[in-house]
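Hello,

Here is the structure I promised to pass on to you. Please open it beside this email and follow along as you read.

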Amino acid sequence: MQLGFSVPIHLIESDLENSFLEDLKKDIYLIRKNDSGANISNNQGWHSTPDLFLKKEDTFKKVCSTCASSIASIMKSYDGEFNPETLDARFSGWINVNPKGGSNVLHSHPNSHWSGVFYVQQPTEVEGFSGMIEFVNPNQEGRELAKLLPKSGFDNMIRIRPKTGQIVIFPSYVLHSVYPNNSNQDRITIAFNSLLLKKKKS
Ligand SMILES: [Fe+2]
């Protein structure tokens with residue numbers, strides 16, 4: 001079988017330890033004190049200024065390099081010959097803190113190639129769709145096949161709830177949203193975009 005048209009949603013385990021994630025959380029709450037945030041897709045949640053890849057803190061540097069190297073690994077998984085050195089990779093990143101009731105409306109990430117979400121803290125107490133990310137299939141014409149073959153890639157959407165420490169990476173054009181956090185614990189994620197430009201030959 002050859003997949004003609006498919007939409008990959010990559011779920012990656014990071015090797016970042018719990019002690020690091022605790023330090024990361026402390027730095028996130030620290031910068032939130034001085035960043036009133038932005039209103040983008042967030043509903044009742046805090047969306048930081050999208051300058052995470054420019055931050056000087058070691059925690060942010062480490063998590064940003066983990067996200068960037070995950071994009072390179074994904075590119076290599078499609079093409080073993082892929083060489084990241086041939087690209088001028090431009091990243092932007094921001095933090096989302098969704099308290100109880102916080103959610104993100106349906107959106108995509110224009111002007112990017114791959115986008116992703118690193119899960120800094122995914123609440124452990126979950127009910128229903130709380131905190132799940134939902135991706136919409138760009139090809140809605142598979143709905144009849146989906147009735148016959150559910151969970152085979154033809155469904156109109158998929159919902160996942162990645163765990164703390166995991167990274168989900170997807171093509172930036174895929175529409176997605178986040179269900180309200182029904183937990184008393186904050187749902188904390190780092191979202192990022194990558195724009196991969198071919199370096200000009202000198
Ligand atoms: Fe998003």
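Below is what I found, going from the whole chain to the sheet, the helices and then one residue.

First, please keep in mind that this is a predicted model.

**The whole protein**

The protein has three helices and 11 strands. Along the sequence they come in the pattern β-α-β-β-α-β-β-β-β-α-β-β-β-β. The radius of gyration is 17 Å, close to the 17 Å that the globule rule gives for 202 residues, so the protein is as compact as a globular protein of that length. Its C-alpha atoms fill a box of roughly 55 × 50 × 30 Å along the principal axes. Of the 202 residues, 26% count as buried. If you look at contacts with a separation of 6 or more, 85% of them are made by residues 24 or more positions apart.

**The six-stranded sheet**

A good place to start is the open sheet of six strands, whose order is E1-E9-E6-E11-E4-E3, with antiparallel pairing. At its edges are strand E1 (10-13) and strand E3 (46-47), each of which pairs on one side only. Within the sheet, strand E6 (residues 114-121) pairs with strand E11 (residues 187-198) in the antiparallel sense, over seven bridges. To find this pairing on screen, look for Ser-115, which stands opposite Asn-193 in E11. As a general reminder, strands of a sheet pair through backbone hydrogen bonds, either parallel or antiparallel.

**Two helices across the strands**

Helix H1 (residues 18-32) lies across E3, strand E4 (87-98), E6 and E11, and runs at about 100° to E6. Helix H2 (residues 58-78) lies across E1, E4, E6, strand E9 (166-171) and E11, at about 135° to E6.

H2 rewards a closer look. This helix has 21 residues and reaches 31 Å from its first C-alpha to its last, close to the 30 Å expected at 1.5 Å a residue. Which residues of H2 are buried? They are Thr-59, Phe-60, Val-63, Cys-67, Ser-70 and Ile-71. These residues cover an arc of only 115° around the axis, which puts them on the same side of H2. They pack against E1, H1, E4, E6, E9 and E11. The face turned away from the buried side carries the exposed residues Asp-58, Ser-65 and Ser-69.

**Strands E7, E8 and E10**

Next, please turn to strand E7 (residues 133-136), which pairs with E8 in the antiparallel sense over four bridges. Here Val-136 has Met-157 in E8 as its bridge partner. E7 also pairs with strand E10 (residues 176-178), again in the antiparallel sense, over three bridges. In that pairing, the bridge partner of Ile-133 is Val-178 in E10.

**One residue to look at: Ile-158**

Ile-158 sits in strand E8 (residues 157-160). Is Ile-158 exposed or only partly exposed? It counts as partly exposed, because it has 16 C-beta neighbours inside 10 Å, while 20 or more would make a residue buried and 12 or fewer would make it exposed. Leaving aside residues up to four places away in sequence, Ile-158 touches Ile-9 and Phe-135. Ile-158 and Val-136 are 22 residues apart in sequence, yet their C-alpha atoms are 6.8 Å apart in space.

Happy exploring, and do write back with any questions.

Best wishes

Conventions: Residues numbered from 1 in each chain as written. Predicted model: local features only at pLDDT ≥ 70, side-chain atom pairs only at ≥ 80, totals over all residues. Pairing = 2+ DSSP bridges. Contact = placed C-beta atoms within 7 Å. Axes fitted to C-alpha atoms, helices over the stretch in contact; angles between N-to-C directions. Expected span 1.5 Å × (residues − 1). Arc of directions from axis to C-beta. Rg over C-alpha atoms; globule rule 2.2 N^0.38 Å.
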